[in-house]
Amino acid sequence: MWGMALDKAPRSVDIYGMAEQINTVDDVIDRLGGNTVLALALGLTPNAVGNWRERGLPPETFVALTGLLNAKDLYAPPSLWRMREIAS
């Protein structure tokens, strides 16, 4: 990694290892397949998931969504769910 060009270096490192960090609600939804796919995975309606784009991610979806993100080697900060991060 030390010899890597900066443009080829990983964008973020999460506590679980090397994962790409995504920083917006839209990116979380889109990277997990969009409104319809994510709604089916969670047993919700596409409209409910679409509402998150305006209102933010509901805190009660944190565990389910972070599990889906981790399976794709992605990381989103808890602040997207309106949670505080633990200081390191």
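Contact is taken here to mean heavy atoms within 4.5 Å. With that in hand, the surroundings of helix α2 can be described in this predicted model.

Helix α2 spans residues 34-42, and G34, L38 and A39 are buried in it. These residues lie on the same side of α2, because they cover an arc of only 150° around the axis. The cover over the buried residues of α2 includes α1 (25-31), α3 (46-55) and α4 (62-71). Just after α2 comes G43, which has a positive phi near 70°.

The pairing of α2 with α3 deserves a closer look. Two packed helices are described by the angle between their axes and the distance between the axes. For α2 and α3, the axes come within 8 Å and cross at roughly 120°, and the crossing is right-handed. On the α2 side, the contact is made by G34, N35, T36, L38, A39 and L42, while α3 contributes P46, V49, G50, W52 and R53. By character, the residues of this contact comprise six nonpolar, four polar and one charged.

Moving on from α3, the loop between α3 and α4 holds T61. T61 has a relative accessibility of 10% and therefore counts as buried, the cut-off being under 20%. Its side chain has polar partners: the side chain of T61 reaches the backbone oxygen of P58 at 2.6 Å, and it also makes a polar contact with the side chain of W81 at 3.1 Å. Leaving aside residues up to four places away in sequence, T61 touches W52 and W81. W52 is also one of the α3 residues in the contact with α2.

Terms used. Residues numbered from 1 in each chain as written. Predicted model: local features only at pLDDT ≥ 70, side-chain atom pairs only at ≥ 80, totals over all residues. Heavy atoms only, no water. Buried < 20%, exposed > 50% of the residue type's maximum accessible area, 1.4 Å probe, protein only. Helix = DSSP H or I, 4+ residues; strand = E, 2+ residues; numbered from the N terminus. Arc of directions from axis to C-beta. Polar contact = N/O pair within 3.5 Å; in protein donor to acceptor, adjacent residues only side chain to side chain. Axes fitted to C-alpha atoms, helices over the stretch in contact; angles between N-to-C directions. Left-handed = near helix turned anticlockwise from the far one by under 90°. Nonpolar A, V, L, I, M, F, W, Y, C, P; charged D, E, K, R; others polar.
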